[in-house]
Each structure stands twice: as structure tokens, then as C-alpha cells.
Amino acid sequence: MITPHETRLTSFAAGGGCACKIPPGELESAVQGLVGTADPNVLVGLDDGDDAAAVKLDNGMAVISTADFFTPMIDDAYDWGRVAAANALSDVYAMGGTPVTAINLVGWPREVLPLEILREVLRGGMDVCTQAGISVTGGHSITAPEPIYGMAATGIVAPEKLMRNDAAESGLPITLTKGIGVGVLNNWHKATGEVSQPAIDSMTTLNKDASQAAVAAGIKAATDVTGFGLLGHLWKMCRASGISAEIDFSSVPLIEGAAERLAEGYIPGGSRRNLDWVREHLDVRADLSEEQLVLLADAQTSGGLILIGEVPGYPVIGRTIPQSGGEATVTINA
């Protein structure tokens with residue numbers, strides 16, 4: 001049995017954080033045609049791969065339901081728990097909702113890793129939920145070959161305030177509420193053991209304030225940036241909404257240190273797969289290197305929100321435009 005002080009949690013996972021997701025092309029192939037039973041109360045379901053489900057209740061409100069879990073992307077158990085909880089709650093915030101409760105989802109190699117490490121993971125998740133103003137009300141655990149942690153989260157939203165990924169209109173600014181590059185920084189951390197505090201700070205920051213600001217600004221279309229990267233999630237939104245988008249590379253904020261680690265070659269395999277998946281839908285009009293394009297597709301964990309419209313206090317990285325030729329594309333400018 002390994003002791004907590006000897007543990008590098010990332011060494012127990014083939015991939016880490018949202019970079020361990022099934023590649024987007026493979027996932028879409030697996031779920032193709034699975035749209036479920038028609039129900040007039042379902043406001044957002046399986047159709048466009050949105051961040052969560054939204055179902056209308058008898059009292060006129062809607063319940064938001066989502067789940068998210070992954071293997072460790074950082075070695076500190078407490079911080080991993082915090083990141084996983086913030087990431088799970090992000091799906092509720094991405095739809096303009098307010099979380100009301102969460103339950104733990106755990107897979108644990110209990111014959112290898114002591115349960116006191118798991119306790120630290122759970123403590124991190126609980127502390128972030130406390131910060132969000134909700135309680136952790138239960139959970140489910142299994143024995144597993146890799147450590148896995150996440151949450152199923154439930155929220156509520158007034159249907160008229162619901163933000164969704166198929167409601168984007170052309171001619172509007174595109175706002176991004178967090179910098180990108182945590183996938184690169186987490187890959188560097190796994191390879192070297194060095195800790196990027198800016199990456200941890202970003203991943204453990206709730207999207208609560210950004211969501212509330214977006215709802216107050218009247219935003220109707222949003223999604224969060226996680227495992228499919230900025231390009232992947234933006235293109236999915238464009239496809240669902242029947243529009244295209246232009247982004248300016250120089251306007252996209254980066255997490256401190258991401259550019260340097262990128263130049264050193266710490267690129268996650270998941271980020272390269274993201275770029276390969278979305279490449280045919282890109283129109284690159286800037287002199288960007290392959291590495292810079294990978295950065296735009298970098299698999300994020302607990303990333304920020306893409307908001308269609310301008311929200312005070314957050315950077316505008318581009319604009320939405322009409323489709324050309326009946327296909328959604330993302331144009332990248334310098």
C-alpha cells in the first residue's frame with residue numbers, strides 16, 4: 001500500500017482530467033441516433049450535445065441535470081477534488097442555472113491507494129460545493145483500476161433564462177471567461193511534478209460569477225470549454241445554431257506559463273485529437289504554427305464559458321457570422 005506522502009496520483013492514470021475523455025469523433029459516432037423518448041417537458045436533451053439536460057417542472061421552473069468525472073490531472077488529492085467539483089458544477093452554470101445539490105461519483109483502486117487519500121479528494125469536492133452554497137448529499141463508489149472522481153449535479157433555472165448551445169445568433173461578440181492552456185500545463189505537471197498554481201487557480205474557480213453576469217446581460221447562448229477545447233466546443237455551438245464564427249488568436253487569453261510549456265512540447269494527446277477532429281471545419285487566415293492551433297484545441301479541465309454576446313469584465317475573442325455554403329466553420333485570424 002502506497003502512503004499519501006509517496007503518491008503521485010497522475011501516475012495512476014493513462015490520461016488526466018477532461019483530456020481523458022473519449023475522443024469527440026468516436027463519441028459522436030457511438031451516440032448517433034440516440035435521442036431518447038420524445039417528452040414535451042424536455043427543454044434540452046441529447047440532440048445537440050449540450051452541457052446538461054434541462055427538464056421543465058410543474059411549477060414553471062426547469063431542473064438541470066448533469067454528471068462529470070475523470071482521472072487525476074494533478075497530484076494533490078485535495079486540489080483534484082476541488083477541480084472535479086468545480087468542473088461538474090460548471091455544466092449547471094453554463095446553462096444559466098443555480099446548483100442545488102451534488103452527489104459524489106468515485107472509482108478507487110483501494111488495494112493500491114489508501115482511503116485517506118480518497119478522503120482528501122472528497123473533502124476538496126465538499127469544500128467547493130460549500131463555496132457554491134450547496135451540500136453534497138450522497139454518492140456512489142466502486143473499486144476500479146484507476147482513481148476516478150466527479151459529481152452528478154442538479155440545478156434549477158427559469159426557462160426564459162436558460163442558456164443553451166443551439167441558441168447562438170450571427171453578428172454578436174464572442175466572450176470567453178477564462179484563459180486556456182491548462183491541458184498543456186497539466187501535461188507538464190504530470191511529466192515533471194512541477195505545479196502550476198495559475199492552472200490550479202483557474203480550474204478551481206467556479207463559473208458562478210460569469211454565469212450570473214451572462215444571465216444579467218441577457219445572454220441566450222453559452223457553453224463551457226472542457227475536454228474538446230475552445231475550437232471543439234465553439235464549433236459544436238456553431239453547428240447546433242446554424243452559424244459560423246471568427247476568432248482572433250491574439251485576443252484569446254492564456255493561462256500564465258502555457259505558452260512557455262507549449263514551446264517545450266508538453267502537448268496532451270487529447271489536444272492533438274481535438275484539432276484533428278475539428279480541422280476540416282477551420283479556416284485559418286493567420287500565420288499560426290501547428291502548436292498554436294493545438295493550443296486553441298487544448299483539452300481544458302474546468303475551463304471558462306463561451307458566451308455569445310458581450311459581458312462586462314470579460315474579454316471578447318471574436319464574433320459570430322452567417323454560415324457560408326451551409327456548413328458551420330470557425331475562422332481564425334491573427
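A residue counts as buried when its relative accessible area is under 20%. Keep that cut-off in mind for the close-ups below, which come from a predicted model.

**View 1. Trp-80 and Trp-108 form a stacked aromatic pair.**
Let us start with Trp-108, whose relative accessibility is 3%, so Trp-108 counts as buried. Its partner Trp-80 is buried too, at 0% relative accessibility. The two rings sit 6.5 Å apart, centre to centre, with 20° between their planes. Trp-80 belongs to helix 2 (residues 77–94) and Trp-108 to strand 4 (residues 98–108), so this pair ties together parts that are 28 residues apart in sequence. Tyr-149 joins Trp-80 and Trp-108 in one aromatic cluster. Across the model, the count of aromatic pairs comes to 4.

**View 2. Phe-228 and Trp-277 form a tilted aromatic pair.**
How far apart are the ring centres of Phe-228 and Trp-277? They are 5.8 Å apart, and the planes meet at 55°, so the pair is tilted. Phe-228 lies in the loop between strand 8 (222–224) and helix 7, while Trp-277 lies in helix 9; the pair links distant parts of the chain, 49 residues apart. Both residues are buried.

**View 3. Helix 7 and helix 9 cross at roughly 35°.**
Here the axes of helix 7 (residues 229–241) and helix 9 (residues 269–278) come within 8 Å, and the crossing is left-handed. From helix 7, Gly-229, Leu-231, Gly-232, Trp-235 and Lys-236 take part in the contact, meeting Asn-274, Leu-275, Trp-277 and Val-278 of helix 9. Sorted by class, the residues in this contact are 5 nonpolar, 3 polar and 1 charged.

**View 4. Leu-105 in strand 4 and its contacts.**
Strand 4 is also home to Leu-105. Which residues does Leu-105 contact, leaving aside its neighbours within four places in sequence? They are Ala-67, Phe-69, His-140, Ile-148, Tyr-149, Gly-150, Met-151 and Ala-152. Thr-71 is 34 residues from Leu-105 along the chain, and their C-alpha atoms are separated by 12 Å.

**View 5. Thr-223 is a buried residue of strand 8.**
Thr-223 is found in strand 8, and its relative accessibility is 4%, so Thr-223 counts as buried. Beyond residues up to four places away in sequence, Thr-223 touches Asp-51, Ala-94, Asn-165, His-233, Met-237, Gly-304, Leu-305 and Ile-306.

**View 6. Ser-302 has a positive phi.**
Most residues other than glycine have a negative phi. Ser-302 is not a glycine, yet its phi is positive, at about 55°. Look for Ser-302 in the loop between helix 10 (290–296) and strand 11 (305–308). Is Ser-302 buried or exposed? With 2% relative accessibility, Ser-302 counts as buried.

**View 7. Glu-256 is an exposed loop residue.**
Glu-256 sits in the loop between strand 9 (243–248) and helix 8 (258–263), and its relative accessible area is 63%. Not counting residues up to four places away in sequence, Glu-256 touches Leu-185, Ser-196 and Pro-198. Of these, Ser-196 is 60 residues from Glu-256 in sequence, and the two are 8.6 Å apart in space, C-alpha to C-alpha.

**View 8. Arg-261 lies over the face of Trp-188.**
This last view shows a charge placed over a ring. Arg-261 is at 4.8 Å from the ring centre of Trp-188.

Methods. Residues numbered from 1 in each chain as written. Predicted model: local features only at pLDDT ≥ 70, side-chain atom pairs only at ≥ 80, totals over all residues. Heavy atoms only, no water. Axes fitted to C-alpha atoms, helices over the stretch in contact; angles between N-to-C directions. Helix = DSSP H or I, 4+ residues; strand = E, 2+ residues; numbered from the N terminus. Left-handed = near helix turned anticlockwise from the far one by under 90°. Contact = heavy atoms within 4.5 Å. Nonpolar A, V, L, I, M, F, W, Y, C, P; charged D, E, K, R; others polar. Phe/Tyr/Trp six-rings, centres within 6.5 Å; stacked < 30°, edge-to-face > 60°. Buried < 20%, exposed > 50% of the residue type's maximum accessible area, 1.4 Å probe, protein only. Lys NZ or Arg CZ within 6 Å of the ring centre and 35° of its normal.
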